[in-house]
Amino acid sequence: MARIALDARNITQTPAGVARYAMALIPQLIAQAPQHEWVVLRHDSNLKSLGVDAREIFVSRHIDGLDNYLQGRKDVAFMTQRVGPVDLFHDLFHILPRGLPKSLKTVVTLHDLVWIDHADASQPTWLKARSIEAFASLAIPATLRRANHIISVSKPTADRALEWVSADKMTVVMHGVDPTFAEPKLPADEIVTHLTKDGRRYIVAVGNAKPYKNLARLVRAWHHMRSAVPGLRLCLIGDCKALWPEAEALGVAPEDLVMPGFLDDTDLRRLVSNASLFVFPSLVEGFGLPTLEAMAAGVPCVVSDREPMATVAGNAALKVDALDEHALAEAMTRVLVDGELHRALVELGRAHAATFTWEKAAAQTLAVYDQVL
């Protein structure tokens with residue numbers, strides 16, 4: 001038996017992609033290895049228990065900032081004062097605090113290198129881009145070198161990290177898909193009813209207004225194709241309100257572009273599963289889980305042809321140059337007007353998504369723990 005600590009401070013008040021990774025993986029880890037003693041370090045903006053057989057310790061320092069890199073060891077020390085020494089510390093986000101005891105064995109999950117390689121596309125201003133780029137260029141390589149082992153969520157991300165660490169120090173463990181996405185679609189709520197009013201269909205996408213998510217280009221592509229698919233609406237899930245001026249300049253009516261903000265998993269599944277098409281046009285990602293969730297829900301997908309999105313989607317989606325809004329519009333139109341293609345993508349997607357499970361991800365993660373321990 002070992003005492004294993006999981007740094008899950010990425011589960012904040014509004015859980016995003018890296019938080020959903022932690023929330024899905026942790027229960028599976030604990031279920032598959034009940035012989036271990038589990039401790040979960042949490043952020044106090046979200047006090048909702050994970051409902052697992054683990055000690056949850058809440059602190060106020062965020063996991064993804066300079067303060068954590070410089071002072072986060074104090075939170076780790078606070079945790080060990082409460083529970084005793086730990087045998088393994090797994091940071092579920094890719095920034096380890098400086099100055100951790102050399103004797104502490106660590107595993108780190110590397111989600112992406114967006115802040116280093118695509119800072120300008122991830123930040124709203126040049127100054128913020130330079131700031132996050134400088135911070136990440138210091139903290140992430142230092143974290144990768146300090147870790148006893150690195151779990152990368154995709155092979156392209158692992159390959160990029162070879163600049164700082166050797167391949168034998170990394171293991172690729174891809175995400176799973178929550179099985180509820182494969183269940184029958186949920187009944188329509190007020191938003192779905194609005195989107196489908198008068199027999200209309202809608203496209204759905206998940207992301208935010210940051211340039212690398214490429215949703216502004218999706219808005220333009222959707223606008224271009226509406227003559228070919230009359231009445232088609234668009235739903236953008238996430239922090240997307242800053243995209244409204246783009247749509248307004250095109251003359252888009254507010255009732256045709258719906259932006260419900262952050263959603264819990266149930267409402268996310270409801271909106272995705274009732275859509276006619278899911279689009280994931282990102283220019284860079286660490287993995288791209290929303291595509292697999294849409295596939296599991298029986299929704300055909302159009303995705304960016306960049307990595308790792310292309311590999312994650314396999315042959316179960318249409319891939320397109322996401323910088324070419326006319327190609328994007330053409331691909332979306334094809335799926336919506338060609339019933340045979342639509343049906344084929346639904347079946348291919350369901351079968352492909354079924355191969356990605358959190359049970360598998362947890363088993364592979366536990367194998368890494370055994371190797372480190």
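This section describes helix packing, aromatic pairs and unusual backbone geometry in a predicted model.

Two packed helices are described by the angle between their axes and the distance between the axes. Helix α9 covers residues 215-225, and helix α14 covers residues 325-337. Their axes come within 8 Å. The crossing angle is roughly 55 degrees. The pair α9 and α14 is therefore oblique. The crossing of α9 and α14 is right-handed. On the α9 side, the contact is made by R217, L218, R220, A221, W222, H224 and M225. On the α14 side, E325, H326, L328, A329, M332, T333 and L336 take part. By class, the residues of this contact of α9 with α14 are eight nonpolar, three polar and three charged.

Two residues of α14 were examined individually. L328 lies in this helix. Its relative accessibility is 1%, so L328 counts as buried. Beyond its neighbours within four places in sequence, L328 is in contact with R217, L218 and A221, among others. The contacts of L328 also include V279, P281, V302 and V320. P281 is 47 residues from L328 in sequence. The C-alpha atoms of L328 and P281 are 8.4 Å apart in space.

A329 is likewise placed in helix α14. A329 has a relative accessible area of 8% and is buried. With neighbours within four places in sequence left aside, A329 is in contact with A221, H224 and M225. A329 and M225 are 104 residues apart along the chain. Their C-alpha atoms are separated by 5.6 Å. A221 thus appears among the contacts of L328 and among those of A329.

A second helix pair joins α1 (residues 17-32) and α16 (residues 358-372). The two axes come within 9 Å and cross at roughly 70 degrees. Helices α1 and α16 are therefore roughly perpendicular to each other. Their crossing is right-handed. From α1, the contact involves Y21, A24, L25, Q28, L29 and Q32. These residues meet W358, E359, A361, A362, A363, T365, L366 and Y369 in α16. The contact of α1 with α16 divides into 10 nonpolar residues, three polar and one charged.

Aromatic side chains were considered next. The structure holds seven aromatic pairs. In one of them, F93 and W115 have ring centres 6.2 Å apart. The ring planes of F93 and W115 stand at 65 degrees, so the pair is edge-to-face. This pair links distant parts of the chain, with its members 22 residues apart. F93 lies in the loop between β4 (88-91) and β5 (106-110). W115 lies in helix α4, residues 114-117. Both F93 and W115 are buried. F93 and W115 also belong to one aromatic cluster with Y69 and F135.

F278 and F280 also pair, with ring centres 6.2 Å apart. Here the planes are at 15 degrees, so the pair is stacked. F278 is buried, with a relative accessible area of 0%. F280 is buried too, at a relative accessible area of 2%.

The backbone shows several local features. A cis peptide bond joins E307 and P308. Omega for this bond is about 5 degrees. P308 is in the loop between β12 (301-304) and α13 (309-313).

Positive phi values occur at D198 and at N214. D198 is not a glycine, yet its phi is about 65 degrees. This residue is found in the loop between α8 (190-195) and β8 (202-208). D198 is exposed, with a relative accessible area of 66%.

N214 is also a residue other than glycine, and its phi is near 65 degrees. N214 is placed in the loop between β8 and α9. The relative accessible area of N214 is 3%, and N214 is buried. Burial thus separates the two sites: D198 is exposed, whereas N214 is buried.

Definitions and conventions:
Residues are numbered from 1 along each chain as its sequence is written. This is a predicted model: local features need pLDDT of at least 70, side-chain atom pairs count only at pLDDT 80 or more; totals for chains, interfaces and linings use all residues. Side-chain values use heavy atoms; hydrogens and water are left out. Axes are lines fitted to C-alpha atoms, for helices over the stretch in contact, and angles run from 0 to 180 degrees between N-to-C directions. Helices (H or I, at least four residues) and strands (E, at least two) are DSSP runs, numbered from the N terminus. Angles under 35 degrees count as roughly parallel, over 145 as roughly antiparallel, 65 to 115 as roughly perpendicular and the rest as oblique. A crossing is left-handed if the near helix is turned anticlockwise from the far one by less than a right angle, and right-handed if clockwise. Contact means heavy atoms within 4.5 Å. Ala, Val, Leu, Ile, Met, Phe, Trp, Tyr, Cys and Pro count as nonpolar, Asp, Glu, Lys and Arg as charged, and the others, Gly among them, as polar. Rings of Phe, Tyr and Trp (its six-membered ring) pair if their centres lie within 6.5 Å; planes under 30 degrees apart count as stacked, over 60 as edge-to-face and the rest as tilted. Buried means under 20% relative accessible area, exposed over 50%, partly exposed in between (1.4 Å probe, protein chains only).
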